[in-house]
Amino acid sequence: MKRILMVAVAALILAGCPSYPPQQPGTQPPIVPVEPDQPPEVTPPPTDVVPTPPKQQTTDWAASITPLVGQMVAADGVESGKVLLVDSVKNNTNGSLPVQTITSTMASAVENTNRFKVVPQSVVSSARKTLGLSQEDSLVTRSKAIGLGRYVQADYVIYSVMSGSNKDKSLEMQLMEVQTGEIIWTGKHSID
């Protein structure tokens, strides 16, 4: 009985062992090459392209205004030594303009001719406040310009209008006699 028990245990042990297929001598299992893992291509994150802002168009106001002032000074019927008021430029364009800068440039160009006594801008500002006219008055009219000229006791007044579009604008100037309201000279110039 001992023998039977030994044979039974040996059979159970052998039954639990895995069996491999018989190998033929000289054959080896195929070798599969393993390629190293390559890091994935790193693509940079998309960047937001910032558009370049449009170039600011700068206007050389002195170069645009000086030819008109030269024409005005050379016009017939314009007397030297008179008091002249340079009123604010009226903006009839489809955009905003530096009206104060244009008006100051115009006053400087007239002063440089040494032909008139130009009413200082401080006096004009004070007179505008007294008369209840805003410095940024966009409703400038000939009658307001003449009334302002009478108030500051000027002989002449320059009434000017900027018209057109932001890209294609022109400046029209009129020299008016304050007492009569007569337009003595008119000139127009395209602004670059």
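Helices, written α, are DSSP runs of H or I with at least four residues, strands, written β, are DSSP runs of E with at least two, and both are numbered from the N terminus. The exercises below use these names for a model that is predicted.

**Exercise 1. Place glutamine 153 and asparagine 114 in the chain, and decide from their accessibility whether each is buried or exposed.**

Step 1. Begin with the overall order: the chain has 5 helices and 6 strands, and along the sequence they follow the pattern α-α-β-β-α-β-α-α-β-β-β.

Step 2. Glutamine 153 belongs to the loop between α5 and β4, while asparagine 114 belongs to the loop between α3 and β3.

Step 3. A residue counts as exposed when its relative accessible area is over 50%. Glutamine 153 has 66% and is therefore exposed, and asparagine 114, at 69%, counts as exposed by the same cut-off.

Step 4. Look at the backbone as well: glutamine 153, although not a glycine, has a positive phi of about 60°, and asparagine 114, also a residue other than glycine, has a positive phi near 55°.

**Exercise 2. Work out which face of helix α4 is buried and what it packs against.**

Step 1. Helix α4 covers residues 121-131, and within it Val124, Ala127 and Arg128 are buried.

Step 2. Viewed down the helix axis, the buried residues of α4 fall within an arc of 105°, so they line one face of the helix. The general background is that an α-helix has 3.6 residues a turn, so residues three or four places apart point the same way.

Step 3. Turn to the face that points away from the buried side of α4, where the exposed residues Ser122, Lys129 and Thr130 are found.

Step 4. The partners of the buried residues of α4 are β1 and α5, the latter being residues 142-151. After α4 comes glycine 132, whose phi is positive, near 80°.

**Exercise 3. Describe the surroundings of threonine 103.**

Step 1. Threonine 103 sits in helix α3, and because its relative accessibility is 1%, it counts as buried.

Step 2. A polar atom of the threonine 103 side chain lies 2.8 Å from the backbone oxygen of valine 99.

Step 3. Leaving out residues up to four places away in sequence, threonine 103 touches Val86, Asp87, Ser88, Val89 and Gln121.

**Exercise 4. Follow strand β5 through its two pairings, and say how far it is covered.**

Step 1. On one side, β4 and β5 pair in the antiparallel sense over 9 bridges, and they form a hairpin with 4 residues between them. Within this pairing, serine 163 stands opposite serine 170 in β5.

Step 2. β5 also pairs with β6 in the antiparallel sense, over 8 bridges, and here leucine 171 stands opposite histidine 189 in β6. The hairpin of β5 and β6 has 5 residues between the strands, and glycine 181 in its turn has a positive phi of about 80°.

Step 3. Finally, count the covered positions: 7 of the 9 residues of β5 are buried, which leaves the strand mostly covered.

**Exercise 5. Identify the residues with the most contacts inside the largest nonpolar core, and find which elements supply it.**

Step 1. The largest nonpolar core has 28 residues, and those with the most contacts inside it are Met72, Ile158, Leu171 and Met173.

Step 2. At least two residues of this core come from each of α2 (61-74), β1 (83-86), α3 (99-111), β4 (156-164), β5 (169-177) and β6 (183-191).

Step 3. A second, separate core of 15 residues includes Val140, Tyr159, Val161 and Met176.

Step 4. To examine one member of the largest core, take leucine 171: when residues up to four places away in sequence are not counted, its contacts include Ile65, Leu68, Val89, Met106 and Ile191.

**Exercise 6. Find how many aromatic pairs the structure has, and state the geometry.**

Step 1. The count comes to 1 aromatic pair, formed by phenylalanine 116 and tyrosine 156.

Step 2. The ring centres lie 6.0 Å apart and the planes make an angle of 85°. Since planes over 60 degrees apart count as edge-to-face, this pair is edge-to-face.

Step 3. The pair links distant parts of the chain, with phenylalanine 116 in the loop between α3 and β3 and tyrosine 156 in strand β4, 40 residues apart. Both phenylalanine 116 and tyrosine 156 are buried.

Definitions and conventions:
Residues numbered from 1 in each chain as written. Predicted model: local features only at pLDDT ≥ 70, side-chain atom pairs only at ≥ 80, totals over all residues. Heavy atoms only, no water. Core = buried A, V, L, I, M, F, W, Y, C linked by side-chain atoms within 4.5 Å. Buried < 20%, exposed > 50% of the residue type's maximum accessible area, 1.4 Å probe, protein only. Contact = heavy atoms within 4.5 Å. Arc of directions from axis to C-beta. Polar contact = N/O pair within 3.5 Å; in protein donor to acceptor, adjacent residues only side chain to side chain. Pairing = 2+ DSSP bridges. Phe/Tyr/Trp six-rings, centres within 6.5 Å; stacked < 30°, edge-to-face > 60°.
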